[in-house]
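The following exercises concern one protein chain. Please inspect the sequence and the model before reading each solution.

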Amino acid sequence: MKRVAAYVHDLFRITLFHIPVFIFIVALLIIFQEEGRIVAALFAFFGVSSFLIPWLYFASAESSFRQATKGKRAEGFIVVDKAGRRISFCRATLRHLLFLLCSLTFGLVFIPGLFSKKGLFLHDYLSRTRVVPSTPATPGFSPR
């Protein structure tokens, strides 16, 4: 459940970042309401940014020297590979894409991970990563 709390924390941060983008797009839509191509382009931009912002947030944070997003750090977790090392940006990207694919099942594939001993969700297993408690020796460690 702490991982769920960490994800909610991260979604809140992403939403706060995305609100100004949304307001900017709505303002442009009001200004250019008669221009069909501009409206279509703005909707496309919003759709692309809705994918890019979370991807860059999760992949860059989990592959950084802190090895976690702000939400995971707040809950005391880091993301590592099977050997316990920091993951690369490519692996973090794969992890995020697999998470999105798993989310298409309306959360059903996450239920077994809530009750497993290691707490591995399907996207963790497929990307060969783990979310583990951080320790004082971890660069991103911050005690609560």
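**Exercise 1.** Which helix supplies the largest share of the lining of the largest pocket?

*Solution.* The model is a predicted one, in which local features need pLDDT of at least 70 and side-chain atom pairs count only at pLDDT 80 or more, while totals for chains, interfaces and linings use all residues. Residues are numbered from 1 along each chain as its sequence is written, and side-chain values use heavy atoms, with hydrogens and water left out.

Step 1. On a 1 Å grid over the protein atoms alone, a pocket is an open set of points where a 1.4 Å probe fits, with protein on both sides within 12 Å along at least five of seven lines; lining residues have an atom within 4 Å of a point. Helices are DSSP runs (H or I, at least four residues), numbered from the N terminus.

Step 2. Helices α1 (2-31), α2 (36-62) and α4 (89-103) each supply at least two lining residues. The largest share, six residues, comes from α1.

Step 3. The lining comprises 16 residues, and Arg3, Tyr7, Phe99, Phe121 and His123 lie nearest the pocket centre.

**Exercise 2.** Identify the salt-bridge partners of Glu62 in helices α3 and α4, and state whether the residues are buried or exposed.

*Solution.* Step 1. A salt bridge is a side-chain nitrogen of Lys or Arg within 4 Å of a carboxyl oxygen of Asp or Glu; the count comes to four.

Step 2. Glu62 pairs with Lys72, with the closest N and O atoms 2.8 Å apart. This pair links helix α2 to helix α3 (residues 70-75), its members being 10 residues apart.

Step 3. Glu62 also meets Arg95 in a salt bridge (3.2 Å, N to O). Arg95 lies in helix α4 and Glu62 in helix α2, so this pair ties together parts that are 33 residues apart in sequence.

Step 4. Buried means under 20% relative accessible area, exposed over 50%, and partly exposed in between (1.4 Å probe, protein chains only). Glu62 is buried at 2%, Lys72 is buried at 9%, and Arg95 is buried as well.

Step 5. Glu62, Lys72, Arg95 and Asp124 are linked in a network of salt bridges.

**Exercise 3.** Describe the surroundings of Ser127 in helix α6.

*Solution.* Step 1. Ser127 belongs to helix α6 (residues 122-127) and counts as buried at 1% relative accessibility.

Step 2. Its side chain reaches the backbone oxygen of His123 at 2.6 Å.

Step 3. Leaving aside residues up to four places away in sequence, Ser127 touches (heavy atoms within 4.5 Å) Arg91, Leu94, Arg95 and Leu98.

Note on methods:
A polar contact is a pair of N or O atoms within 3.5 Å; within protein, one must be able to donate a hydrogen and the other to accept it, and residues adjacent in sequence count only if both atoms are side-chain atoms.
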